Amino acid sequence: MAFLEIRGVNKSFRLNGKTNSASSLPVLRDINLAIDEREFVCIVGRSGAGKTTLISLIAGLIEPDQGEILLEGKPIQGPGPERGIVFQNYSLLPWMSVFENVHLAVDAVAPTLGEKEKRERTEHYINLVNLGAAKGKKPRELSGGMKQRVAVARGLAMDPKVLLLDEPFSALDALTRGTLQEELARIWIGTQKTVVMITNDIDEAILLADSIYTLASGPGATLGPAARVETPHPRSRSQLGREPGYQRVRRETVSVLVSARSGQGGTSSAASGKAQLN
Amino acid sequence: MTRRIDFATVVLPVLGLGVMLLIWTILSTTVARDLPSPMKTWEESKQYVLNPFFKDVEMNQGIGRFAFLSLIRVAKGFLLAIVIGTPLGFLLGLSVFFYRTFDPVIQILRPISPLAWLPLGLVIFRQSEPAAIFTIAICAMWPTVINTAVGVRSISPEYLNVGKVLKLSRMKTLQRIIIPGSLPYVFTGYRLSLGLAWLVIVASEMLTGAPGVGGFLWQEYNSLVYSHILLSIITIGLIGFGLDRFMGLVEQRFKTA
């Protein structure tokens, strides 16, 4: 049995506040996904495809209209720290310092721990994302990359069974993004968490993921077939480009995304297309 | 650069005050003959200003002493207003049920003038001092109530989602997310409430005859010493301005995001 399983999930959003199906917009249609323990899965799709809806469903922040989501064979019940999420816009609490933001998560998942252990654990996660020097700062004093590091530290501090990442690096400049991708890869290798990451950056997905799924554009988006990335971790950006597997995965992924948009297979032109989809 | 700032922050405001004094002088020498001119006002008021803390009898004291008495009264009314108004605002913001039940009542009570509340206060308390404080509190409460409720409701769902994912208890969510998240709005409410409380003090002192700036104003009107009306008005304005600035600074401290 898969560690995290999504079975036949449909999700529509109501339009104009009416409940009848005629005025509802289908966002996700018949989503099926099986993720193994310690697997790093990326879901790639363009903006508006319903990626955030999908990860919010896994997080339990919204409920599917049909279908079910199982973690270790048990249906999920609302949100919980065992499915720790790193939000796209960081969602750090602005009235708390870096330390307090992470400490809040430690305190929530391990309330029985002594204060000294809680502080040590908080420090551990802050150091893991290289923010030891900024732990007393408020979010408004941090750069985008630093904020995202705090958000990752908080996500890890929930000690989740599955770490959910919702386009964590999309708001960052290319250089910062590269650094953070490498840090995330290093942390993932160190912690061996199961990770589901949403992204619109195919190269990012290939650098990090074991399996890549494409979410074809909505309304009523479905998941495409998985593309496996067999290159062993840790991967380096420069080495990836030379691998035949990289070209193959890139071509497959791009073609699914492009054909989903235009309704026809355009593989040859798609492969040379931009990898960053917006 | 410094000179420019001086021009904008010193010269222009002084110019504005000068224009005001000029209009006052012209009015007092032309259409409103009973209105004391600025010079006359100063001449007749200077003993109250230069010696602000003298006390002759209860209704003949330095303007500083009157202002202090009024401020004490306002402080009591204001504290009562925020002690009642803040929790009320949180309840309105947190509970749709509570909001639907009490919002209409609040919307009806809110526009009622202090002049209408005061007699009711006198009926209830049978003494002028608690009646005045009751009036200040009930008139000054609404901005705190409404701003607090708006603050709670405008907390970003992102922050609430953090609480949900962490499965924080209702109490923890309130302590760690809802209260700190709404503080900027709460303090805006406090600033507006304090302004209203100061506005109400004059009316309540005039009607109860309590010693204070408003009481002094009304007494001097009845004694036909019109320059002291102007002295009181200027004092009320300056103190109100000072209070607003002070609360503005406090408010600034709680601006988070």
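Colleague: Which residues of α2(A) meet which residues of α4(A)?

Modeller: In this predicted model, the α2(A) side of the contact consists of A:Val98, A:Asn101, A:Val102, A:Ala105 and A:Val106. Facing them from α4(A) are A:Val150, A:Ala153, A:Arg154 and A:Ala157. By character, the residues of this contact comprise 7 nonpolar, 1 polar and 1 charged.

Colleague: At what angle do the helices α2 and α4 of chain A pack, and how far apart are their axes?

Modeller: The angle between helix α2 (residues 98-109) and helix α4 (residues 144-157) of chain A is about 20°, and their axes are 8 Å apart. Angles under 35 degrees count as roughly parallel. For this reason α2(A) is described as roughly parallel to α4(A).

Colleague: Is the crossing of α2(A) and α4(A) left-handed or right-handed?

Modeller: The crossing in which α2(A) passes α4(A) is right-handed.

Colleague: I should now like to read the sheet. In what order do the strands of the open sheet in chain A stand?

Modeller: The order is β2-β1-β4-β5, with 4 strands in an open sheet of chain A and antiparallel pairing. At the edges stand β2 (24-35) and β5 (74-75) of chain A; each has a single partner strand, so one side of each lacks a neighbour in the sheet.

Colleague: Over how many bridges do β1 and β2 of chain A pair?

Modeller: Strand β1 (residues 4-14) of chain A pairs with β2(A) over 8 bridges, in the antiparallel sense. To follow the pairing at the level of residues, one may take A:Val9, whose bridge partner in β2(A) is A:Ile31.

Colleague: Which helix lies across β1, β2 and β4 of chain A?

Modeller: That is helix α1 (residues 51-59) of chain A, which runs at about 60° to β2(A); the strand β4 that α1 lies across spans 66-71.

Colleague: Let us turn to the two chains together. How many residues of chain B are in contact with chain A?

Modeller: From chain B, 14 residues are in contact with 17 residues of chain A. On the side of chain B that touches chain A, α7 (157-165) and α8 (170-208) of chain B each supply at least two residues. The largest share, 6 residues, comes from α7(B). In character, this side of chain B has 8 nonpolar, 2 polar and 4 charged residues.

Colleague: Into which domains is chain B divided?

Modeller: Chain B has domain 1 (1-35) and domain 2 (41-253). Between the C-alpha centres of these domains of chain B lie 30 Å.

Technical notes: Residues are numbered from 1 along each chain as its sequence is written. Chains are lettered from A and ligands numbered from 1 in the order in which they are written. This is a predicted model: local features need pLDDT of at least 70, side-chain atom pairs count only at pLDDT 80 or more; totals for chains, interfaces and linings use all residues. Two strands pair if DSSP finds at least two bridges between them. Two residues are in contact if their C-beta atoms, placed from the backbone, lie within 7 Å. Axes are lines fitted to C-alpha atoms, for helices over the stretch in contact, and angles run from 0 to 180 degrees between N-to-C directions. Ala, Val, Leu, Ile, Met, Phe, Trp, Tyr, Cys and Pro count as nonpolar, Asp, Glu, Lys and Arg as charged, and the others, Gly among them, as polar. Domain bounds come from an automatic or database domain assignment. Angles under 35 degrees count as roughly parallel, over 145 as roughly antiparallel, 65 to 115 as roughly perpendicular and the rest as oblique. A crossing is left-handed if the near helix is turned anticlockwise from the far one by less than a right angle, and right-handed if clockwise.
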